[in-house]
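Q: I would like to learn how to read a protein model feature by feature, beginning with the way its parts are labelled. Could you take me through it step by step?

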Amino acid sequence: GVQSADIVQFVDILLRFGPTKTRISVGAKLFNPAERDRRVQLPDFTELSFGFYPSARNCQHGFMLNVDRSTCVSHSSGDMLAALRDRIWNLYDLPVIPPKQIRELNKEFKDEKIVTKEKSVVTYFNEKYSKVKYPNLPIVDVGTKKKLEWYPVEVCELLPDQYVTKLQPPHVLSEITTAVTRQKPNTRFIEIKESVLNVIQKDGEPYLREFGMMLLP
């Protein structure tokens, strides 16, 4: 038969399904892509986003909705050259990027594999488009095994809202803690309440109604 845990999981998914139409989902957390001006800039070309975490709880008197504030660290969007410059201070002075740093960069940008420079790629861009300004820098592999696509790093940009999966170093964790604890309790409560009224209820109401459910204050 259906277990209690299965029901809770179903309600959890249902509560988040509506808001994902307008929010970015990172696991069970939800973030508003329109609130970029509220993000806190962190070291290593990353930024801290604030969102909320909804979850269902099976209590003595029935289901209860628990909502709390949450955070997520993501790569800052923009020029990928700036992202490398933020990590390698003497980037332009190096004749080539050391293999160790290439491996570290590949861990940072999993979807955009950074590889050592191929002369043919630089030559192609010099002839086809415009002269590559930094031929000493690595190129970026954004293709697949079936279709190779390599580009000079200076023509690549990072798309927004790509969350960081690796564990943050102590100096970044310290800045995150400072940013989170800076918010006053009453402000935190108001934002949680707005998350319920303006996001979960508004965006999720059609889906909750379809299964005969509704949120009560």
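A: Helices and strands are runs assigned by DSSP, numbered from the N terminus, with at least four residues for a helix and at least two for a strand. Please keep in mind throughout that this is a predicted model. With these labels a residue outside the runs can be placed too: Gln168, for example, is found in the loop between β11 and α5, the latter covering residues 170-181.

Q: Is Gln168 in that loop buried or exposed?

A: A residue counts as buried when its relative accessible area is under 20%. Gln168 has a value of 11%, and it is therefore buried. If we leave aside its neighbours within four places in sequence, Gln168 is in contact with Val73, Leu173 and Ile176.

Q: How should I read the pairing of strands, and over how many bridges do β4 and β5 pair?

A: Follow one strand and look at what stands across from it. Strand β4, residues 46-59, pairs with β5 in the antiparallel sense over 14 bridges, and the two form a hairpin with 2 residues between them. As a point of reference within this pairing, Phe52 stands opposite Arg69, a residue of β5.

Q: Which residue stands opposite His75?

A: His75 stands opposite Gln162 in β11. Strand β11, residues 162-163, is joined to β5 by 2 bridges, and these strands run antiparallel.

Q: What is the idea behind a salt bridge, and how many does the structure hold?

A: Side chains of opposite charge can pair when their charged atoms come close. The structure holds 9 salt bridges. In one of them the side chains of Glu47 and Arg39 meet, with 2.8 Å from N to O. Since buried means under 20% relative accessible area, Glu47 counts as buried because its relative accessibility is 8%, and Arg39 counts as buried because its value is 10%.

Q: Which other residue forms a salt bridge with Arg39?

A: Arg39 also forms a salt bridge with Asp161, where the closest N and O atoms are 2.6 Å apart. Arg39 lies in the loop between β2 and β3, whereas Asp161 lies in the loop between β10 and β11, so the pair ties together parts that are 122 residues apart in sequence. Asp161 counts as partly exposed, because its relative accessibility is 23%.

Q: Where in the chain do Glu191 and Arg69 lie?

A: The side chains of Glu191 and Arg69 meet in a salt bridge, at 2.6 Å from N to O. This pair links distant parts of the chain, for Glu191 is in helix α6 and Arg69 in strand β5, 122 residues apart. Glu191 is buried, with a relative accessible area of 14%, and Arg69 counts as buried at 14% as well. Salt bridges that share partners join Glu35, Arg38, Arg69 and Glu191 into one network.

Q: How is empty space found in a model, and how much of it lies in the largest pocket?

A: Rolling a probe the size of a water molecule over the atoms shows where empty space is left. In this structure about 420 Å³ of space lies in the largest pocket. The pocket is lined by 15 residues, of which Phe63, Met64, Leu65, Leu215 and Leu216 are the closest to its centre.

Q: Which helices and strands supply at least two residues of that lining?

A: They are α1 (4-17), β5 (62-75) and α6 (185-210). The largest share, 4 residues, comes from α6. Sorted by chemical character, the lining of the largest pocket divides into 14 nonpolar residues, 1 polar residue and no charged ones.

Q: My last question concerns backbone angles: what is the phi of Asp44?

A: Asp44 has a positive phi of about 60°, although it is not a glycine. Asp44 is found in the loop between β3 and β4, and it is partly exposed, with a relative accessible area of 24%. Phe45 lies in the loop between β3 and β4, and its phi is near 55°, a positive value in a residue other than glycine. Phe45 is buried, however, because its relative accessible area is 16%.

Technical notes. Residues are numbered from 1 along each chain as its sequence is written. This is a predicted model: local features need pLDDT of at least 70, side-chain atom pairs count only at pLDDT 80 or more; totals for chains, interfaces and linings use all residues. Side-chain values use heavy atoms; hydrogens and water are left out. On a 1 Å grid over the protein atoms alone, a cavity is a set of points where a 1.4 Å probe fits but cannot get out, and a pocket is an open set with protein on both sides within 12 Å along at least five of seven lines; lining residues have an atom within 4 Å of a point. Grid points are joined across faces, edges and corners, and a volume is the space filled by probe spheres set on the points. Ala, Val, Leu, Ile, Met, Phe, Trp, Tyr, Cys and Pro count as nonpolar, Asp, Glu, Lys and Arg as charged, and the others, Gly among them, as polar. Two strands pair if DSSP finds at least two bridges between them. Buried means under 20% relative accessible area, exposed over 50%, partly exposed in between (1.4 Å probe, protein chains only). Contact means heavy atoms within 4.5 Å. A salt bridge is a side-chain nitrogen of Lys or Arg within 4 Å of a carboxyl oxygen of Asp or Glu.
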